[in-house]
Amino acid sequence: MTLAVWILGDQLNLENSALDGLPAGAPVLMIESIAHVQVRNYHQQKLVLVWSAMRHFAERLKEQGYQVHYVEQAQDFEPELTTFISNNQITELKVMEPANIPFQELLQNLNLACKLTVTPNNHYLWSAQEFCQWAKDRKRLLMEDFYRETRRRLDILMDEGKPVGGQWNYDQDNRKPPKKGLNLPEPLSFKPDSITQSVIDLVKKNFGQNFGQVNSFSWAVTQEDALKVLEEFIQHRLAQFGPYQDAMITGQWTMFHGLISPYLNLGILSPKEVIQRIEKAYRSRELPLASVEGFIRQVIGWREYIRGLYLLKMPEGYAQKNWFDHQQPLPDFFWTGETSMNCLKETLEQTIETGYAHHIQRLMILGNFSLIAGLNPQAVENWFHSAYIDAYDWVMQTNVLGMALFADGGVLASKPYAASANYINKMSNYCEGCRYNPKERLGEDACPFNYLYWNFLDRHREKLNQQGRMGLVLAHLDKLDEKTRTAYASQTTHFLNAQSKG
Ligand code: SF4
């Protein structure tokens with residue numbers, strides 16, 4: 001009997017459960033599939049990140065004594081698997097359960113000449129079964145309930161069964177607008193080594209028409225470097241992360257964010273390791289609790305919850321949800337960054353250059369615009385999935401459809417994240433450099449976020465009325481006279497028609 005392991009591109013960790021008990025010298029297979037990346041217009045830096053990290057991980061596996069079979073730029077998985085199994089007389093192939101449902105289906109449909117064993121995915125803190133058990137019989141699947149349960153179960157930021165500091169959540173201390181004179185640290189950047197450079201050259205040659213730029217690639221591609229990013233975050237950013245996690249400043253693409261999501265989602269950092277290091281730093285370095293709690297909530301709360309909901313809801317047709325029946329096509333400027341709306345332009349240009357935007361840029365600039373402009377949710381999800389360096393099916397379906405676009409009708413979010421220019425003007429300085437006026441609601445200089453917002457509320461008044469937390473804003477809407485509401489509708493139509501024509 002010859003046992004082998006197949007490592008997928010987002011499972012790049014020696015703790016991968018398929019490697020458990022595998023003797024040194026055993027064959028390990030890794031495959032780069034072109035067909036797999038042709039399904040959407042992936043950012044060029046995403047392709048470099050994944051393939052370079054895979055190639056570096058293959059070197060690490062060799063150092064551990066495994067016999068690594070690495071296939072560069074294969075057309076597809078199945079022919080390579082067949083050849084590998086036949087050439088090496090493999091009788092059993094082990095692979096860790098894929099995080100993404102399309103890949104789980106791919107596995108189920110493989111026709112292989114050996115036994116295929118799927119081992120549990122140990123890259124999350126909750127197993128799929130544990131999440132289903134937690135969700136069973138609950139009226140509402142509230143993130144806050146899930147988060148508290150995770151803190152208790154894993155004993156994170158707890159003192160004798162109680163939350164450290166006496167509160168579960170310090171959101172009220174966070175969400176500050178940006179202020180002048182903030183000392184923003186430069187993020188760590190990594191000069192491409194010869195492996196990364198060869199992947200950059202390959203991507204330029206074969207995928208140079210894909211979205212984004214690749215020349216500025218400076219992401220970490222090994223666990224060692226990803227841990228340096230985490231340590232830099234703890235030392236120089238974490239203390240300010242909490243208060244300014246929702247703030248946006250022109251030209252500042254990272255603010256105080258950690259930049260570790262690409263590494264968590266590739267598998268080169270494990271969530272357990274990240275939270276242990278953060279909690280240790282909190283206890284030894286007296287970091288502000290509001291910042292530490294806010295960050296830990298992102299990792300053990302949102303990340304796990306989003307993934308749990310994905311596994312639970314996707315079999316019910318979640319990917320096709322469109323509660324508002326929004327059908328407006330995605331404007332071209334999402335791909336080019338060419339728009340006169342400065343907040344969108346800043347966020348999109350930064351995305352083109354780096355493959356990254358922080359969560360409030362994604363939620364309150366891009367997601368908010370997509371929601372109030374009535375863009376088709378599946379087109380928006382496809383764009384987010386293509387554009388971001390940390391994007392995978394399990395992250396994007398629930399985050400974009402549920403959180404940003406409320407396309408699931410409130411399974412995930414308790415109300416739509418819709419906002420006018422007021423919010424953007426308060427939380428950023430983007431409006432200072434914009435040709436539109438954030439205070440104007442109608443007319444040539446009016447900020448599109450204003451009339452789109454009011455018209456969104458007006459168009460969907462009946463549906464929104466069913467949402468408990470929308471009462472106040474709908475009361476404002478009801479104070480508008482018919483003439484004003486018609487004017488919002490007409491300027492919205494004019495704006496959307498202009499976008500459709502490019
Ligand atoms: Fe964005 Fe409107 Fe502000 Fe311009 S005025 S930056 S479009 S919110």
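## Two loop residues with positive phi

L259 sits in the loop between α9 (238-241) and α10 (261-266). This is a predicted model, and in it the phi of L259 is near 60°, a positive value in a residue other than glycine. Is L259 buried or exposed? With a relative accessible area of 10%, it falls under the 20% cut-off, so L259 counts as buried.

F406 gives us another case to look at. Its phi is near 55°, again a positive value in a residue other than glycine, and its place is the loop between α17 (393-404) and α18. The relative accessible area of F406 is just 1%, under the 20% limit, so F406 is buried too.

## Around the ligand

So where does the ligand go? It sits in the largest cavity. Going through the residues around it, you'll find M341, N342 and C343, then A421 and I424, followed by Y430, C431, C434, Y436, P438 and C447.

Which helices each supply at least two residues of that shell? They are α14 (342-354) and α18 (421-427). As for chemistry, the shell around the ligand divides into 10 nonpolar residues, one polar and no charged.

## Nonpolar cores

The largest nonpolar core has 163 residues. The ones with the most contacts inside it are W51, Y263, I278, L344, F369 and W383. Helix α12 (residues 289-313) brings the largest share of this core, with 11 residues. There's also a second, separate core of 19 residues, and W6, V71, L81 and L112 are among its members.

Back in the largest core, I278 is worth a closer look. Leaving aside its neighbours within four places in sequence, I278 is in contact with L230, F233, I234 and L238, and also with V292, F295 and I296.

## C114 and its surroundings

C114 belongs to the loop between α4 (101-108) and β5 (115-119). Why does C114 count as buried? Its relative accessibility is 14%, and buried means under 20%, so C114 qualifies.

What does C114 touch, leaving aside its neighbours within four places in sequence? The contacts are I85, I90, T91, E92 and L93. On the other hand, R461 is 347 residues apart from C114 along the chain, and the C-alpha atoms of C114 and R461 are separated by 57 Å.

Notes
Residues are numbered from 1 along each chain as its sequence is written. This is a predicted model: local features need pLDDT of at least 70, side-chain atom pairs count only at pLDDT 80 or more; totals for chains, interfaces and linings use all residues. Side-chain values use heavy atoms; hydrogens and water are left out. Helices (H or I, at least four residues) and strands (E, at least two) are DSSP runs, numbered from the N terminus. Buried means under 20% relative accessible area, exposed over 50%, partly exposed in between (1.4 Å probe, protein chains only). Contact means heavy atoms within 4.5 Å. A residue is near a molecule or strand if one of its heavy atoms lies within 4 Å of it. On a 1 Å grid over the protein atoms alone, a cavity is a set of points where a 1.4 Å probe fits but cannot get out, and a pocket is an open set with protein on both sides within 12 Å along at least five of seven lines; lining residues have an atom within 4 Å of a point. A molecule sits in a cavity or pocket if more than half of its atoms lie within 2 Å of its grid points. Ala, Val, Leu, Ile, Met, Phe, Trp, Tyr, Cys and Pro count as nonpolar, Asp, Glu, Lys and Arg as charged, and the others, Gly among them, as polar. A nonpolar core is a set of buried Ala, Val, Leu, Ile, Met, Phe, Trp, Tyr and Cys residues joined through side-chain atoms within 4.5 Å.
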